[in-house]
Amino acid sequence: MTGNQPYFLRDIWYYAMPSARLQPGKMVAKTLLGEPILFGRDRQGKAFAIRDICPHRGIPLSYGKFDGCEVECCYHGWRFDPQGHCTAIPALTDDQASDLDLQRLRIKPYPVQEAQGNLWIYMPNDPRAIDPVPVMDIPLVPDFGDRSYQSVDVFHFPCYVDHAVIGLMDPAHGPFVHQVWWWRPKTALFEKAKAFGPRPYGFAMLRHKLLRQSLIYRLLGGTPEVEITFRLPGVRIEHIKTAKHTVCNLTAVTPISETETEVTTLFYWTVPWINLLRPILKPLVTVFMNQDRDVVIKQQDGLKYDPSLMLIKDADAQARWYYQLKAEYAKAVAEQREFVNPVKEQVLRWRS
């Protein structure tokens, strides 16, 4: 679906869950982009994902069992390996089983990758696609190699994914939505000018010094420098460096359905003493994200009337870029050609 109708991007990596949520020998059922998906981790620790529907009678496989090697349906005991191949149908007699090639009975598998404590899933455009080859790499937090995060929080926004993405990248809502003393109290608005440039499948607010800092930034010491990168389908990485330390925030927006979106925010740091403050900082992150969530909930009261929405001047440029990037990516996939980034290097100015 295109135009003013909602549509999810395909042939692209989405954030699935923190790796720690999927333990060896266990399964986790999730709905992503309106599709039922069963995640599992085998005895060797390798993650996999298959469609969470048994092809026999349509019951979700997540109601069944997983022994670390195969998933067994709770209805008739059909078994499937992590690649989605059927390995056994108990109701068949020996001669019936020999006449049937079970390997041809296959549930749709999804490519998955893990890095830095995160599990990503590739959602193909063709619903019948088997073993699709991803056309891009998964997003990575710079400067942390394969180290995992130190803090993670997951929030559910009751809205369509576009509104969650735009709300989180909006540079002008801070003074009105985030009224907390440790971030910034309500004061006069300041004019800001930031340089932006294209990045793979997205754009970046280019690295700059934070001359006016909130309490959180002042705790790092010195004059922090920050670069904020956004890439499709909804991944924001804030990279903060001082002379001695690095702090990164990865925020990933994943659509569950057309009316629900999952927002996962993770922090990576090299500052030893932050570990001591984690019991204090974690609730602050929750307060901050819930303020974004609360305003999106209020927004739904107006959106149900399908109003015309306005994107004005530089403060809304990132929102316009998001829609342009999304449309170009969908068109590139449909035309089976390379993605052409519509964002150009420029300076944006706004007050916040």
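Start with the whole chain: the radius of gyration over C-alpha atoms is 23 Å, which agrees with the value near 20 Å for a compact globule of 352 residues. The globule rule is 2.2 Å times the number of residues to the power 0.38. This is a predicted model, where local features need pLDDT of at least 70, side-chain atom pairs count only at pLDDT 80 or more, and totals for chains, interfaces and linings use all residues. Residues are numbered from 1 along each chain as its sequence is written, and side-chain values use heavy atoms, with hydrogens and water left out.

Show the C-alpha trace next; along its principal axes the span is about 80 × 50 × 40 Å.

Colour by secondary structure to find six helices and 19 strands. These are DSSP runs numbered from the N terminus, helices being H or I with at least four residues and strands E with at least two.

Colour by burial. Buried residues (under 20% relative accessible area, 1.4 Å probe, protein chains only) make up 49% of the 352 residues.

Now select residues 151-157, which form strand 12. In a regular strand the side chains alternate between the two faces of the sheet. Here Ser-151, Asp-153, Phe-155 and Phe-157 lie on the covered face, while Val-152, Val-154 and His-156 lie on the uncovered one.

Add residues 261-269, strand 18, which runs antiparallel to strand 12 and is joined to it by seven bridges. Two strands pair if DSSP finds at least two bridges between them. Finish on Phe-157, whose bridge partner in strand 18 is Thr-261.

Note on methods
Buried means under 20% relative accessible area, exposed over 50%, partly exposed in between (1.4 Å probe, protein chains only).
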